[in-house]
Amino acid sequence: MSGERVKSVALDVIILAAGLGTRMKSSTIKILHEAGGRPIVDYVLDLAAALSAATPVLVIGHQREAVKAHCGTRARYAVQEEQLGTGHAVMMGAAVLTAQGHAAPDVLVLSGDVPLTREDTLWELIDEHRRSGNSATILSMRLEEPAMYGRIIRDGSGQVLRIVEARDASAEEAGIHEVNGGIYVFSTEALLEALASLSSENAQGEYYLTDVIEIFRKGGGAVGAVIARDPVETLGVNSRSDLAMVEQELQQRKIQSLMEAGVTFRNPEATLVDTTVEIGRDTVVYPFVTLEGSTNIGERCVIEPGVHLRDVTVGNGVVIKTGTVAEDSVIEAGASVGPCAHLRPGTHLGPDVKIGNFVETKKATFQSGAKASHLSYIGDAEIGSNVNIGAGTITCNYDGVRKNKTTIEDGAFIGSDTQLIAPVTIGRGAYVGAGSTITKDVPAGSLALSRVPQKIIKDWAPRQKK
């Protein structure tokens, strides 16, 4: 359904996001906690942007500057100085809409801590609201165990009479399984009139948004409800346990969409993929892989068990072997990495490069066909094409004050157990003998050796034993 839709010009969106979330036990406001690689408020802002042509109004309170810094121009802002209930929060948001003089006919109220609602579900809610001419339409859900959710009370025709909070429900009402999901579409005009009539004369001294339902009914307005197909769509994040459930759902949705696009997961339940990750078709992902951030993997790749990639761009036909860790790096087509390699930020591997087991790189560029097959550290380095780096090679890039660069030009051969004391350049086609410590530039085509002369004392061992 959503693919056929155009953003509505007749809809405003208010997102309630002022609460701190004390049950999170965190110094960070709950809407900025991440799930699937993004703060949970981002998913709600995406929904608002998909549904309405108008910039949504975000009602903020706690840590407002941090929220503004993150959300930027994706929202207009209303400030709720005191936490006086959901009705009061909507009052603050509505004030921003009316102050600008062009409020839309309908307003959708979302919660900044409910990130799993599907766009199609909200279109269904909006359609029902407009088709029925309702003053309000509620997104509800059916739960086997309604717990502390507000019960939806309907009349014989299916219209909503009121919402009864669990603590106020009679025994009969408590047995109702349809409950309030906390997402609403209102006629803007009707909402503004009802908000003006809201009272805080209750045990909590707060303005409840649910009270406007009864105000509508008393005034002759129609109130409807659409039942969400999956109750998880209305799950709010109020605790670390809720956050984990949201994370799990986002992971499942992302992996399912990738499989539908042609990616193979050997064990989807044992793989972590952020919602921001992209993977090309015919790539195979093994279990216990973690893919985070802006990672983008090409087609026909193999990602073996235990690989962890964050903000890594991977070309087509790449094999990343077991236990490899990479961050903020680029791996071009046909390369092979690992097992147990570590690509630190600033690494760029060209086509058909081989980085082998227990090789660490940092701010290093390898041109096509270069190899460092095992047990080496290559940092702050420019490695030419078809260079061969032997086992145990170290670019000694730090002199205690600054980082210095090593350059190894095309076709050079670096023998095992070599220390390259930067800044230093190894010329095109040059050879460095195994066990050397190189402190000066090596000209193109030359052989460099730096070894203590070997000394042999015959029959030394037997004499020592005597």
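How many bridges join β27 to strand β29? Three bridges do the job, and the two strands run parallel. Keep in mind as you look around that this is a predicted model. Here's a quick tour of some strands, two nonpolar cores and one glycine.

**Strands side by side**
- β27 covers residues 354-357, and β29 covers residues 371-374.
- If you want a spot to find in this pairing, I355 stands opposite A372 in β29.
- β27 also pairs with strand β24 (residues 336-337), again in the parallel sense, this time over two bridges.
- Over there, S336 has K354 of β27 as its bridge partner.

**The nonpolar cores**
- In soluble globular proteins, nonpolar side chains tend to be buried together.
- Here, the largest nonpolar core is made of 49 residues, and I331, I355, F366 and I426 have the most contacts inside it.
- At least two residues of this core come from each of α8 (240-260), β28 (360-366), β30 (377-383) and β36 (424-426).
- The top giver is β30, with three residues.
- Setting aside neighbours within four places in sequence, I426 touches a whole list of residues, including T407, I408, L420, V432 and V442.
- There's also a second, separate core of 41 residues, with A48, L51, V114 and A228 among them.

**A look at G37**
- You'll find G37 in the loop between β2 (34-35) and β3 (38-39).
- G37 counts as partly exposed because its relative accessibility is 27%, which falls between the 20% and 50% cut-offs.
- Beyond its neighbours within four places in sequence, G37 is in contact with Y43 and D274.
- P287 is 250 residues from G37 along the chain, and their C-alpha atoms are separated by 19 Å.

Conventions
Residues numbered from 1 in each chain as written. Predicted model: local features only at pLDDT ≥ 70, side-chain atom pairs only at ≥ 80, totals over all residues. Heavy atoms only, no water. Pairing = 2+ DSSP bridges. Helix = DSSP H or I, 4+ residues; strand = E, 2+ residues; numbered from the N terminus. Core = buried A, V, L, I, M, F, W, Y, C linked by side-chain atoms within 4.5 Å. Buried < 20%, exposed > 50% of the residue type's maximum accessible area, 1.4 Å probe, protein only. Contact = heavy atoms within 4.5 Å.
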